[in-house]
Amino acid sequence: IGWQGAFIYKVALGFANYYIWMQVIGHGDSLRYVHDSLVVYNSLFDDPRYYLQLLFRTSLEDVPAQLVPYQKALYIEWHVPEYNMVRLLAVLNLFTAGNPWGNIVLLAAGVFAAQCRLFSVINRHFSLDPGRQRMLYGVLFFLPSAVFWSSGLLKEGPVLALLCLFAAESILLNRAGAHLWRNLLRMLVITAAVYGIRDYVAILLVVNGLGIWLLSFHPVSRKFPLLSHLILLLVMTGILIGLTQAPTAPDLFEHLRKEQTYFTVSGPDPDYPFQTLDGTPGDVFRKVPYAVNNILFRPNILHSRSAFRLYQSVELLLTWLALLWLLARARKPLTFTLWSAALLLFLLELLFVFGLMVTDADTLSRYRSIPILGLLCLALLLPTRDPKPR
């Protein structure tokens, strides 16, 4: 299947995603984004200044009288990160006349372009044999869960696009002849955009990026990159725990608890007992086995009643088996660079955060799709035991 087929496949799953939300589920993030973006878009016909004010306003204080009716019509307040998706769709509405199906096509095109960028950079800078190139193409563009969740009107699309661009820039940064400051500037802009959608993902990008920079000064870290990153991660975790005792320092453990309240609003999961966080470091450490169980086994075939969850269970199992198969074929011992070790830890940290925070198996599958896609792509970049000439 060529590039045209891959894009058509992406748009088709994007349409299916929105149709299910609209006609089967009847509620959810994508419907709220569409509703609120139309409120903003329609204000353009009342007064263009209202549109611009609704697009850029972030404060709830001293709301002008002319904006109060629009504020009351919105599901999402404009001071929360979710409103950035409303802003994005409100801009796209200018090109699609407020048609959500047209917005799906435009968003899919943007995400697809970012994936193509990453695929091109990897092929230029990694010595993959033709078989692995085909597998990378299949994983990056056809993994059903990743395509389904990133092709509608949810956050996954922009997040995947930004992470693909960030990964491409980080690969270029680590190559000879790289335009250092240009690559760094692009990575900072991308990180800022990620922060506007999912702040904790951006925080993990910054932490692991700083890890690469700090470790690059020590020659031992180049010999043992993964171990060095793990030691640095433990040190940073200790610092974060210490900061919880400071009255003015940011408390990331409390931030995770607050983020989780977004998932608990929808009520308990019908198939699984999920747990809530109390905002303390001790609670997070006690929940490590719980989070790992969520990541690896939820949803699963034995405890899922809906057909959709059964499909997600089967795909999750096949994905873990595929990852194990790729690791079995990799050259032993596994070799890492500072870049690949940081990428691995970033993906595992992201999975761990999702395993802790998310309290619904469908949402967990949705959030988990991007880091799993990243793990499969990273596994395909590992040198094989029997390397073949290109």
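How many salt bridges does the structure hold? The count is 16, and since this is a predicted model, it is a count taken from predicted coordinates. Let us walk through a few of these pairs, then turn to a buried loop residue, the cysteines and the opening helix.

As background, side chains of opposite charge can pair when their charged atoms come close. A good place to begin is helix H2, which covers residues 29-46. Here the side chains of Asp29 and Arg32 form a salt bridge, with N and O 2.8 Å apart. Both residues belong to H2 and sit three residues apart, about one turn of the helix. An α-helix has 3.6 residues a turn, so residues three or four places apart point the same way. The two partners differ in burial class: Asp29 is buried, at 10% relative accessible area, while Arg32, at 24%, counts as partly exposed.

Another salt bridge reaches much further along the sequence. Arg366 pairs with Glu156, and their closest N and O atoms are 2.7 Å apart. This pair links distant parts of the chain, 210 residues apart: Arg366 lies in helix H19 (residues 361-381) and Glu156 in helix H9 (residues 156-173). Are these two partners buried or exposed? Arg366 is buried because its relative accessibility is 6%, and Glu156 is buried too, with a relative accessible area of 1%.

Those two residues also lead us to Arg198. It is found in the loop between helix H10 (180-197) and helix H11 (199-215). Leaving aside neighbours within four places in sequence, Arg198 is in contact with Glu156 and Arg366, and also with Lys155, Val159 and Tyr367. Although Arg198 is a loop residue, its relative accessibility is 4%, so it counts as buried.

Next comes the salt bridge between Asp283 and Lys287, whose closest N and O atoms are 2.5 Å apart. Both partners are buried: Asp283 has a relative accessible area of 6%, and Lys287 has a relative accessibility of 8%. Elsewhere, salt bridges that share partners join Asp269, Asp271, Arg305, Arg309, Asp360 and Asp362 into one network.

What about the cysteines? With a cut-off of 2.5 Å between cysteine sulfur atoms, the count comes to zero disulfides. Cys164 is in no disulfide, and its nearest cysteine sulfur, in Cys377, is 7.6 Å away. Why does Cys377 not form a bond with Cys164? The 7.6 Å between their sulfurs is too far for a bond. Both residues are nonetheless buried, Cys164 with a relative accessible area of 4% and Cys377 with 9%.

Finally, let us look at helix H1, residues 3-25. At 1.5 Å a residue, its 23 residues should span 33 Å, and because the end C-alpha atoms are 32 Å apart, the two values agree. H1 does bend, by about 25 degrees at Tyr19. Its buried residues are Ala6, Lys10, Val11, Leu13, Gly14, Asn17, Tyr18 and Trp21. What covers them includes H2, together with helix H6 (100-125), helix H7 (130-142) and helix H8 (144-150). So H2, the helix that holds the Asp29 and Arg32 pair, is also part of the cover over H1. Just after H1, Gly26 takes a positive phi of about 85 degrees.

Note on methods: Residues numbered from 1 in each chain as written. Predicted model: local features only at pLDDT ≥ 70, side-chain atom pairs only at ≥ 80, totals over all residues. Heavy atoms only, no water. Helix = DSSP H or I, 4+ residues; strand = E, 2+ residues; numbered from the N terminus. Buried < 20%, exposed > 50% of the residue type's maximum accessible area, 1.4 Å probe, protein only. Contact = heavy atoms within 4.5 Å. Salt bridge = Lys/Arg side-chain N within 4 Å of Asp/Glu carboxyl O. Expected span 1.5 Å × (residues − 1). Bend = angle between axes of the 7 residues up to and from the residue.
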